[in-house]
Amino acid sequence: MLLVARMVMNDKRTMRKRAYGYRPLKIGRFPLLMVTLLWMSSIATAAPSTLKITIGTFSPYYSPKLVHIGTGTPISWENPTSGLHSITHDGCKTGERCAFDSGAIGPKGTFTLHHLPPGSYSYHCSLHPIMRGVLVVLDSAIPSET
Ligand SMILES: [Cu+2]
């Protein structure tokens, strides 16, 4: 039975080849396998959702002011104000290790940080030093806010 079916299939292929004068494009299992692997890897390495901090003209200036995140969680500051602000690690000012400095973020601008090593990061706005926030990166994947 199988042999007959195979013969019929072969015959159809030959007919198609004859009819169009070329070999029909064979889409084997390889592309399907690749797509499946890509899909699976995208699930495995799916980035944790970004934690958003809003910049404000009034206290607490950075909302939330104190943030705990797990390593690998991107943090994004959004500037809905009409002024310029920065996200500057205190270490940049004191001359210690400068972990991040956004430079001036304009109105409607954003600044995103990825993959900060675990640690506690105090930061400020270099244009308005009264603006202060703290970012704590924990060696885990579970983010939380306070
Ligand atoms: Cu500012």
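In which loop does Tyr61 lie? Keep that question in mind as you open the structure, which is a predicted model, and select Tyr61: this residue sits in the loop between E1 and E2.

**First stop: the loops around E2**

With Tyr61 still selected, look at its backbone, where phi is positive, at about 65 degrees, although Tyr61 is not a glycine. Tyr61 counts as partly exposed because 19 other C-beta atoms lie within 10 Å, and a residue needs 20 or more to be called buried.

Now select Pro60, which is found in the loop between strand E1 (51-55) and strand E2 (62-63). The peptide bond that leads from Ser59 to Pro60 is cis, with omega near 10 degrees. Move on to Pro64, whose place is in the loop between E2 and strand E3 (66-70), and you will find that the peptide bond from Ser63 to Pro64 is cis as well, with omega near -5 degrees.

**Second stop: the open sheet**

Next, select E2, E1, E4 and E6 together, since in that order they form an open sheet of four strands with mixed pairing. The strands at the edges are E2 and E6, each of which pairs on one side only. In general, the strands of a sheet pair through backbone hydrogen bonds, either parallel or antiparallel.

To study one pairing with care, keep only strand E4 (residues 75-78) and E6 in view; these two run antiparallel and are joined by four bridges. If you select Trp77, you will see that it stands opposite Phe111 in E6, while Ile75 stands opposite Leu113 in E6.

**Third stop: the two faces of E6**

Stay with E6 and show its side chains, which alternate along the strand. Phe111 and Leu113 point to one face and are buried, whereas Thr110 and Thr112 point to the other face and are not buried.

Thr112 deserves a selection of its own, and it counts as partly exposed because it has 14 C-beta neighbours inside 10 Å. Leaving aside its neighbours within four places in sequence, Thr112 is in contact with Pro74, Ile75 and Ser76. If you then draw a distance from the C-alpha of Thr112 to the C-alpha of Lys52, the value is 9.0 Å, although the two are 60 residues apart in sequence.

**Fourth stop: the nonpolar core**

Which residues have the most contacts inside the largest nonpolar core? Select Ile53, Val67, Ile69, Ile75, Trp77 and Leu135, for these are the ones, in a core that has 18 residues. The elements that give two or more residues to this core are E1, E3, E4, E6, E7 and strand E8 (132-138), and E1 gives the most, with three residues.

Within this group, centre the view on Ile75, and not counting residues up to four places away in sequence, you will find that it touches Leu51, Ile53, Val67, Ile69, Thr112, Leu113 and Leu135.

**Last stop: His115**

Finally, follow the chain onward from E6 and select His115, which has its place in the loop between strand E6 (110-113) and strand E7 (119-124). Is His115 buried or exposed? It counts as exposed because only 9 C-beta neighbours lie inside 10 Å, and the cut-off for exposed is 12 or fewer. The backbone of His115 also merits a look, since its phi is near 50 degrees, a positive value in a residue other than glycine.

Technical notes. Residues numbered from 1 in each chain as written. Predicted model: local features only at pLDDT ≥ 70, side-chain atom pairs only at ≥ 80, totals over all residues. Pairing = 2+ DSSP bridges. Core = buried A, V, L, I, M, F, W, Y, C linked by C-beta atoms within 7 Å. Contact = placed C-beta atoms within 7 Å.
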